[in-house]
Amino acid sequence: MKQIMVALFAGALFGAGLAFSGMADPARVQGFLDLFGHWDPTLAFVMGGAMIPMAIAWVIQRRLDKPFADAHFSLPGTTLIDRKLTIGAVLFGAGWGISGLCPGPGLADLAINPLPALAFVAALLAGMIAHRFTSRQ
């Protein structure tokens, strides 16, 4: 129950942050990528601002034996940058640039602008299913 409550709080806080900052609006991302048009630097400030609490969180995490709401930390077991990670990053970036959405804002947009968000979430789920089947081989 503690995990669910923490996950709900974190998800609601993240979604509210996306909505209030305007980052759930695909036009913001597309405006950031439009370097030679009407460039919108807002996303750069959001990403830079996110580095501060994340840096603090990493320092705190290193001093803890276990997280607040789980028996252990779920961190990646490798730091290797391989072909699989590179291809995934390229696909993620291409999808983000084309749609203006990544998974967090895509899910938040289900409440704000549901019709386009449904297409994004359906594509996201299809990609996750495809990954599951292809990674078993």
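The protein exposes about 10500 Å². Carbon and sulfur atoms supply 73% of that area. The model is a predicted one. Of its 137 residues, 17% are buried. The C-alpha atoms fill a box of roughly 50 × 40 × 30 Å along the principal axes.

The secondary structure consists of six helices and zero strands. Along the sequence the pattern reads α-α-α-α-α-α. Among contacts with a separation of 6 or more, 41% link residues 24 or more positions apart.

Charged side chains were also located. The protein carries 9 positive and 7 negative side chains. The centres of these two sets lie 13 Å apart.

In soluble globular proteins, nonpolar side chains tend to be buried together. Here, the largest nonpolar core has seven residues. Its members are Leu18, Met23, Ala24, Val29, Phe32, Leu43 and Ala108. One of them, Ala24, was examined further. Beyond its neighbours within four places in sequence, Ala24 is in contact with Leu18, Leu101, Pro105, Asp109 and Ile112. Leu18 thus appears both in the core and among the contacts of Ala24.

Lys66 lies outside the helices, in the loop between α3 (42–63) and α4 (83–99). Lys66 counts as partly exposed because its relative accessibility is 46%, a value between the 20% and 50% cut-offs. Setting aside residues up to four places away in sequence, Lys66 touches Ala71 and Phe73. Ala55 is eleven residues from Lys66 along the chain. The C-alpha atoms of these two residues are separated by 18 Å.

Definitions and conventions
Residues numbered from 1 in each chain as written. Predicted model: local features only at pLDDT ≥ 70, side-chain atom pairs only at ≥ 80, totals over all residues. Heavy atoms only, no water. Core = buried A, V, L, I, M, F, W, Y, C linked by side-chain atoms within 4.5 Å. Buried < 20%, exposed > 50% of the residue type's maximum accessible area, 1.4 Å probe, protein only. Contact = heavy atoms within 4.5 Å. Helix = DSSP H or I, 4+ residues; strand = E, 2+ residues; numbered from the N terminus. Areas by Shrake-Rupley, 256 points an atom, 1.4 Å probe, with all protein chains shown as cover. Lys, Arg positive; Asp, Glu negative; His and termini not counted. Charge placed at Lys NZ, Arg CZ, Asp CG, Glu CD.
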